[in-house]
Amino acid sequence: MTGFRGKARALTAAAAVLALLLVAGTVFSPEARRSRESRGSLLGLDPAEIHVLEMSGPGGSLVFRRLGAAWTLEDGGLPLPVRTERIEAYLDTLRSVGSLAETSRSESSWEALGLDDGSARRVRLFLRDGEAAADFRVGKYSPDGSRVYLRKGDSPRGLAAPAAVGSRLPSGREAWLDLRVFGEPVPTEDLQSLRIYGTLRFADGADFRADYRLERSLSRGWESPQISDLDAAAAARLVRSWMSAEAEDFSVEGPPAGTAGGLRVELELGGGSLRSLRISGDPDPEGGYLAALAGSGRNLRMDSWTLRGLLKNPEELANRP
C-alpha cells in the first residue's frame, strides 16, 4: 500500500512538472513573444494632456502649440492659427492605436520600410512641462495600404500601425493652417447680411465694381435693396461660398492703409457683430491680393482664381428669364 501511495505521489509531481513546462513553453514560445510584442500603443495619455506636437522630415519641421482650446503653428516667431479639429483628430488617432505588429528587427530594413532618417517623418509629442510623451518615425505604407511602418525613438525595430497614423499626417504646412478668410465658421442661420462694395482690378485689366447688400428676409430667405429681382438661391450660394472661402496663405502685411480703391466684404451676424474683410484693389507682382480681417490680426494673401469665383456682379445674382 505504501509503495502504491509513493508511486501516486511521484506521478502527481511529474504531472505538475509537465504542466509547468507546458505553461512555460506556451508563455515563452516565439508565437507568444510575437503576440506580446504586437500589443502596444503610440499615445498612452489623454490627448488633452499634449501641449506640443512637433513634426519634422525631409521637407522641414512644423511645431504646433496648444493655446487654450486652440492650436497655433510657430512660424518665424509668429503664432499662426491652425485647424484645431485636425490636430485633435490626429491625437485621437494616435490614442486609438492598441497594437503594433513587429515587421523587422534591424537597421538593414529601414530603407525598404521608409524608416531611414532621410525619408521618414518624425513625430514628437510633449507635455506642458516639456516631458516627452511620444517619439516615433513614420515611413512607407504596407503593400495593401492598410498599415504604415514606423519605429519608436532610437529602437531599430520596425513596426506596423493602422494606416491612419500616416494618412492623417499631412506634410504640407498649408494643410494644417486655418486659412478661412472669416475665421471660425458660424451657423448659416446666424448670418444676417452680406455686403460687398468697392473696386478690384485683375491682372488682365478687368475691373470688378460693386456695391450691394444681401439681407436675410423674414421668410429666412435672401433679398437685396439694390437687386430687385434677386435670385434667392444664387444669393444663398454666394453667402455659403464666402463663409467657407480660404486664402492662399498668411501674410506679414495687410493691404496698405489709407490708399484709394480696394474692396470690402462684410458679414453681419446675429447680435449686430460684424466681420469686415478688406482686400487690396490691385494685384501684387505674382497676381495675388493682400487682405486683412478687421480686429483679428489676420493678414492674408488671396489668389485671383479664388476671388474671381467669389465676386459676383448684381446681374449674376438676378433671376434669369
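This passage walks through a sheet, the helix lying across it, and the nonpolar cores of a predicted model.

Let's start with the sheet. It is an open one, built from 8 strands with antiparallel pairing, and reading across it gives the order β12-β11-β10-β14-β15-β16-β17-β13. At the edges sit β12 (222–223) and β13 (249–250), each of which pairs on one side only. Further in, β10 (residues 191–201) and β14 (residues 262–269) run antiparallel to each other and are joined over 8 bridges. One handy pair to look for is L194, whose bridge partner in β14 is L267.

Next comes helix α6 (residues 232–244), which lies across β10, β11 (207–216), β12, β14 and β15 (274–279), at about 80° to β10. The helix has 13 residues and reaches 19 Å from its first C-alpha to its last, close to the expected 18 Å. Its N-terminal end is capped by D231, with a side-chain oxygen 3.0 Å from the backbone nitrogen of A233. Several residues of α6 are buried, namely A234, A235, A236, L238, V239, W242 and M243. As a rule, residues three or four places apart point the same way, because an α-helix has 3.6 residues a turn.

As for the cores, the largest nonpolar one holds 72 residues, and the members touching the most others are F64, V165, L214, W242, L277 and I279. Helix α6 gives this core its largest share, 7 residues. A second, separate core has 5 residues, including L113, L115, Y149 and A160. Back in the largest core, which counts F64 among its members, the contacts of F64 farther than four places away in sequence include W71, L73, V82, I87 and W176.

How values were computed. Residues numbered from 1 in each chain as written. Predicted model: local features only at pLDDT ≥ 70, side-chain atom pairs only at ≥ 80, totals over all residues. Heavy atoms only, no water. Pairing = 2+ DSSP bridges. Helix = DSSP H or I, 4+ residues; strand = E, 2+ residues; numbered from the N terminus. Contact = heavy atoms within 4.5 Å. Axes fitted to C-alpha atoms, helices over the stretch in contact; angles between N-to-C directions. Core = buried A, V, L, I, M, F, W, Y, C linked by side-chain atoms within 4.5 Å. Buried < 20%, exposed > 50% of the residue type's maximum accessible area, 1.4 Å probe, protein only. Expected span 1.5 Å × (residues − 1). Polar contact = N/O pair within 3.5 Å; in protein donor to acceptor, adjacent residues only side chain to side chain.
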